[in-house]
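This report describes selected secondary-structure arrangements in a predicted model. The structure is shown first, and the sections after it take the two chains in turn.

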Amino acid sequence: MDDDLPTDFQVIVVGTGMVESIVAAACSRIHKNVLHLDSSDHYGGLWASYNFDGLQKFIKEVTSDPKKQVQVYNLIEQWYIEKESPPEEEKKEGEAEDGKTEPPKKIWSQANFASEYRKFNIDMTPKLLFSRGPLVELLISSNIARYAEFRCVTRVLTWLNDRLMPVPCSRADVFATEAVSIVEKRMLMKMLTSIVGYNEEEMDNEFKDWNDKTFKEYLTHKGLTPNLIHYVLFAIAGGTEDMPCLDGVKECKKFLMSLGRYGNTPFLWPMYGSGELPQCFCRLCAVFGGVYCLNRPIDTVATKTVDEGKTVVVIESKSKTLNCDHLVIGINECPKDLVSPEPAETCDISKAVFITNGTIMKSEKEPLTLLRFPPLIEGGGAVTVLEVGPATGSCPKGLFVVYFITNKVTDAETDLKPYAEKIFDMSGGDQTVESEKPKCLWSLFYNVKDTSAAVESAVPCVHVCSGPDAGLDFDRAVHQAEQIFKKICPGEEFLPRAPDPEEIVFEDDVTHGPEFEREQEDEADGDTSKE
Amino acid sequence: MAKTYDYLFKLLLIGDSGVGKTSILFRFSEDAFNISFISTIGIDFKIRTIDLDGKKVKLQIWDTAGQERFRTITTAYYRGSMGIMLVYDVTNEKSFENIKNWIRNIEENASADVEKMILGNKCDLDAKRQVSKERGEQLAIEYQIKFVETSAKDSLNVEYAFYTLARDIKAKMEKKQEASNPPGARSGAHQLRANEQQRKPTSWLSRCSVL
């Protein structure tokens, strides 16, 4: 079936990660002829979401193939529940479905997970969007937003005085918080108001002496109480003790600027997981004529100089030769000799996924939570936790999926298990017992090589895309995609708004000249839609 | 702005390249047929609002954008779809055999209760026919899916097909509502729009000014 794959393109994109997909969409949108390939049978690469079956396959693939362990390693999967449900429980479950009444607490077995595998969407790279961040703005301005749906993060939590505490984001939260006194609330307000209010000049003035000091020193200097410093430093700025002052201010401002657009917190979560987002960009690329082919590994990449000194990239893939003016390639698919120089050694990422039978902190409606842990281990980093429930399309009813992300110190399990034990009951055992902490039913620890640093390619017409970073949002990916696009298409607009279908007028009754067919094609490309 | 419809259904067209998905879409949405549509380029979805038993039903019909060509339909394409038209070409045996693969693909990716219908398109081309109507019917019985032969070119059964699928979805939906089981899972999710109604207090400042 691959045989009728065309061979000549202006741009070939290899890998369907976030950066690659944005570049593919941007090129196709301005009518570059684009081919988009991926060596695996699904979209997203390391940015993918998997259902439970797909995840099992991924785990098997990684553990059986040493080559894959360059990217993902130290993978440990663990069950905390029985293989099969006891027979009487099965009956009860059937009754519940007919009678529409929720059973008090379902007893989950591994078999239940297998039979409901499709209801899981588990992210390899879970990330949030800032409501006024670059990705949200790009999705709206390009009209790619129509391919995705989002949910608001309902609360931001932190770990303070050995318990979970909500961080006041909205007025309602402030009222609900008992941990902060009225005086402290005023102090906090004044501090945050000033950060939001500074223009560039004022900012330079205020912080001119803080360049080499930490954000914590600044907050202390401002007279904030330890509790408030905790909120601002760890929960709002997402920092650590040694976060530089200006970074802290910037992170705070970003957080505050995104408040009040969609929900009570500054964050959005993509329905069905972060892995949907690269696909949305791929869809736009396809709508504008991009050709898609998965399961298509490339064998070699070479460059060839043709007449007039023009360089073309020649790719061998499954005994077919593909030619293009520009190759955009994900770092993990990229032949080593194209990368120059070798990217500097960076700190890898420790990640974990947990599936639990309840939320980490009860709330009226189904919560969607960002929890930021301050470092609890000597020398460790802050830990970001995202808890998503069935309403996000991440898991079946009655369960929650919880992601943990931090910079690697030892290995994923050592780095993250102590944090998980703070908020989950990881002892297995009776699932019906009511307790403070939800039961952990399944867990996965793994390390990911950090390939997020920008990498120069050895050849000008080859553009290398970074892998996912440990950060909370997609901002670096969006920024890099735009940079790559500008190199390929200098002076062109980056993802101009795609017309709505209603705006595409098919002028059936208009008399066209002899070029009717070509016009029709252009029209279908969305070209004539603006009138 | 007042809603101009009672129901909004997201429908998908699925099937091999060249079976006439885009032609069917254009016949239904624009009442037009243009033989020069060879592949699906630039068409995202089309909208047509129909009247069903006094209710305005807005059909949003999505085309594959050519991603079916090498079987690379995104999982995102299937999200939230309520009805799927499985299309094959009666003059192309292979496209008929592939319907089974597409059904498998749907089972893997679409919601379990999505309504389906099989269309044998290009039935005007009798001289080139490779798949008999009986075989189409047989397949439909096997999967318990409704079936009709269509011709986007001659405007045969295209209206009928969409009305039938829409009616089935509406009936299923109303039955669900009667069982007083509002679809809770998806409510609360939203799409981002440029003219998103901004909540009045737009900064921390104004939100917390009471302090």
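## Sheet of chain B

Strand S5 (residues 115–121) of chain B runs parallel to S6(B), and 4 bridges pair the two. One residue pair places this pairing in the sequence: Leu119(B) has Val148(B) in S6(B) as its bridge partner.

Chain B has an open sheet of 6 strands with mixed pairing, in the order S2-S3-S1-S4-S5-S6. Its edge strands, each paired on one side only, are strand S2 (45–52) and strand S6 (146–149) of chain B. From one strand to the next, the twist averages 25 degrees.

## Helices on the chain B sheet

Helix H1 (residues 21–30) of chain B lies across five strands of chain B, namely strand S1 (7–14), S2, strand S3 (55–62), strand S4 (83–89) and S5. The helix runs at about 50 degrees to S2(B).

Helix H5 (residues 133–143) of chain B also packs on the sheet, where it touches S4, S5 and S6 of chain B. The direction of H5(B) makes about 165 degrees with that of S6(B).

## Sheet of chain A

In chain A, an open sheet of 8 strands follows the order S4-S19-S15-S18-S17-S16-S8-S9, again with mixed pairing. Strand S4 (72–79) and strand S9 (163–166) of chain A form the edges, each pairing on one side only. Direction ignored, neighbouring strands of this sheet are turned by 20 degrees against each other on average.

Within the sheet, strand S16 (residues 369–373) of chain A and strand S17 (residues 383–388) of chain A run antiparallel and are joined by 5 bridges. Phe373(A) has Val383(A) in S17(A) as its bridge partner. Helix H10 (residues 226–236) of chain A lies across strand S8 (155–160), S9 and S16 of chain A, at about 125 degrees to S8(A).

## Helix pair in chain A

Helix H1 (residues 18–29) of chain A packs against helix H12 (residues 276–287) of chain A at an angle of about 20 degrees, and the axes are 8 Å apart. The two helices, H1(A) and H12(A), are therefore roughly parallel to each other. The crossing of H1(A) past H12(A) is left-handed.

On the H1(A) side, the contact includes Met18(A), Ile22(A), Ala25(A) and Arg29(A); among the residues they meet on the H12(A) side are Leu277(A), Phe281(A) and Cys285(A). By type, the contact residues of H1(A) and H12(A) are 10 nonpolar, 2 polar and 1 charged.

## Annotated domain

An unreviewed UniProt entry lists "domain: RAE1/2" for residues 349–470 of chain A. In the model, this span is 10% helix and 33% strand, and its end C-alpha atoms lie 6 Å apart.

Technical notes
Residues numbered from 1 in each chain as written. Chains lettered and ligands numbered in written order. Predicted model: local features only at pLDDT ≥ 70, side-chain atom pairs only at ≥ 80, totals over all residues. Heavy atoms only, no water. UniProt positions renumbered as here; feature names shortened; annotations may be inferred. Axes fitted to C-alpha atoms, helices over the stretch in contact; angles between N-to-C directions. Parallel < 35°, antiparallel > 145°, perpendicular 65-115°, else oblique. Left-handed = near helix turned anticlockwise from the far one by under 90°. Contact = heavy atoms within 4.5 Å. Nonpolar A, V, L, I, M, F, W, Y, C, P; charged D, E, K, R; others polar. Pairing = 2+ DSSP bridges.
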